[in-house]
Amino acid sequence: MHNIIEVKDLIKKYKDFTAVDGISFSVGRGEFFGFVGPNGAGKTTTISILSTLLAPTSGTVMVNDFDVAKQTNQVRSSIGIIFQDPALDVELTAWENLWLHAKLYDVPKDKFEERAKELLELVDMVEWKNKIVRSFSGGMKRRLEVVRGLLHHPKVLFLDEPTIGLDPQTRALIWQYLKNLRAKEDITVFVTTHYLPETENCDHIAIMDKGKIIAYGSPEELKTQFNQHSMDGVFIEVTGHGIRDEELSADATARTQFKQRGGWRR
Ligand SMILES: Nc1ncnc2c1ncn2[C@@H]1O[C@H](COP(=O)(O)OP(=O)(O)O)[C@@H](O)[C@H]1O
Ligand SMILES: [Mg+2]
């Protein structure tokens, strides 16, 4: 049996800047795959290419046996996407948001109703189905997005930092829902995160830093290989710095740039 995702020598440049610098990896069918790295590592760029939202500069990416550059529509109908920026219509109810998506993907009405109910149950959102999305918390919106991304029975679910900005309890819940989903359905889950402890949930992890994959393996393999007790320890061992340090220095850079350009733009 071959892999559901095959990435070979993938490069993405934004003008002169190389955001993804020649990465190759594969993801087996049914895997829970974690793509980990600090802010700016190239995670969103990579997942955007894998999900056809961005064209690669060079290299090949196959998803579900389709080439993302040449068979865009086939790739799109076989994947679900949950990205950082919520794409829900907050003026509509949860159910209306789901129905809109179903129409977009040609899911017939009877199939839609059954599937939507089943998925709302999976993420404990049944009692919210007729409520307006504007009133939802961040975690509820994310759960609704998971439901929406799964309505058309995708073979691969792509999630870009699904737990960012959520409290630890809600973050744990989102991972639990994803694990329940994976136990129930024949689906591959590809998820990016910069919260290292979360990657303990994954079958395999690729650690990315500055556009390159610098380590790959199961959480146990990585901890053994680098002689560490935690994924935080593994990250420090392979990169020479903590993932949070990077974030703090990214914040510091942003603050400096902000001051240099003279504060808020008007
Ligand atoms: N549209 C863009 N134009 C120029 N540079 C970009 C663009 N998008 C991302 N980048 C840069 O590419 C690098 C990788 O970004 P990204 O893929 O968003 O990383 P991550 O998701 O891991 O935080 C960063 O340095 C970022 O500033
Ligand atoms: Mg990102």
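**Exercise 1. The shell around ligand 1**

How do the residues of the shell around ligand 1 divide into nonpolar, polar and charged? Work it out, then trace the shell back to its elements of secondary structure.

*Solution.* A word on the ground rules first. This is a predicted model, in which local features need pLDDT of at least 70 and side-chain atom pairs count only at pLDDT 80 or more, while totals for chains, interfaces and linings use all residues. Residues are numbered from 1 along each chain as its sequence is written, and chains are lettered from A and ligands numbered from 1 in the order in which they are written.

Step 1: list the shell. A residue is near a molecule or strand if its C-beta atom, placed from the backbone, lies within 6 Å of it. Around ligand 1 you should find Tyr14, Phe17, Ala19, Gly37, Asn39, Gly40, Ala41, Gly42, Lys43, Thr44 and Thr45.

Step 2: find the elements. Helices (H or I, at least four residues) and strands (E, at least two) are DSSP runs, numbered from the N terminus. Two or more residues come from each of β2 (17-27) and α1 (43-50). The largest share, three residues, belongs to α1.

Step 3: sort by class. Ala, Val, Leu, Ile, Met, Phe, Trp, Tyr, Cys and Pro count as nonpolar, Asp, Glu, Lys and Arg as charged, and the others, Gly among them, as polar. The shell then divides into four nonpolar, six polar and one charged.

**Exercise 2. The sheet of four strands**

Put the four strands of the open antiparallel sheet in order, and explain what happens at its edges.

*Solution.* Step 1: recall how sheets are held. Strands of a sheet pair through backbone hydrogen bonds, either parallel or antiparallel. Here, two strands pair if DSSP finds at least two bridges between them.

Step 2: read the order. The strands run β2-β1-β4-β5, with antiparallel pairing. β2 and β5 (66-67) stand at the edges with a single partner strand each, so one side of each has no neighbour in the sheet.

Step 3: check each pair.
- β1 (residues 5-14) and β2 are antiparallel over eight bridges, and isoleucine 11 has aspartate 21 in β2 as its bridge partner.
- β1 and β4 are antiparallel over five bridges, with glutamate 6 opposite methionine 62 in β4.
- β4 and β5 run antiparallel and are joined by two bridges; here methionine 62 has aspartate 67 in β5 as its bridge partner.

Step 4: look at the turn. The hairpin of β4 and β5 has two residues between the strands, and asparagine 64 takes a positive phi near 55°.

**Exercise 3. The sheet of six strands**

Now which order do the strands take in the open sheet of six?

*Solution.* Step 1: the order is β6-β7-β8-β3-β9-β10, and the pairing is mixed. Step 2: β6 (79-82) and β10 (212-217) are the edge strands, each pairing on one side only. Step 3: from one strand to the next, the twist averages 15°. Step 4: for a parallel pair, take β7 (residues 156-160) and β8 (residues 188-193), which share five bridges; phenylalanine 158 has phenylalanine 190 in β8 as its bridge partner.

**Exercise 4. Helix α5 and its partners**

Describe how α5 packs against α3 and against α6.

*Solution.* Step 1: get the geometry. Axes are lines fitted to C-alpha atoms, for helices over the stretch in contact, and angles run from 0 to 180 degrees between N-to-C directions. α3 (residues 94-104) and α5 (residues 138-150) pack at about 30°, with axes 9 Å apart. For α5 and α6 (residues 168-184) the angle is about 15° and the axes are 10 Å apart.

Step 2: identify the contacts. Two residues are in contact if their C-beta atoms, placed from the backbone, lie within 7 Å. Ala94, Asn97, Leu98 and His101 of α3 meet Leu144, Val147 and Arg148 of α5. By class, that contact has four nonpolar, two polar and one charged residues. On the α6 side, Gly139, Arg142, Arg143 and Val146 of α5 meet Thr170, Leu173, Ile174 and Tyr177 of α6. This contact divides into four nonpolar, two polar and two charged.
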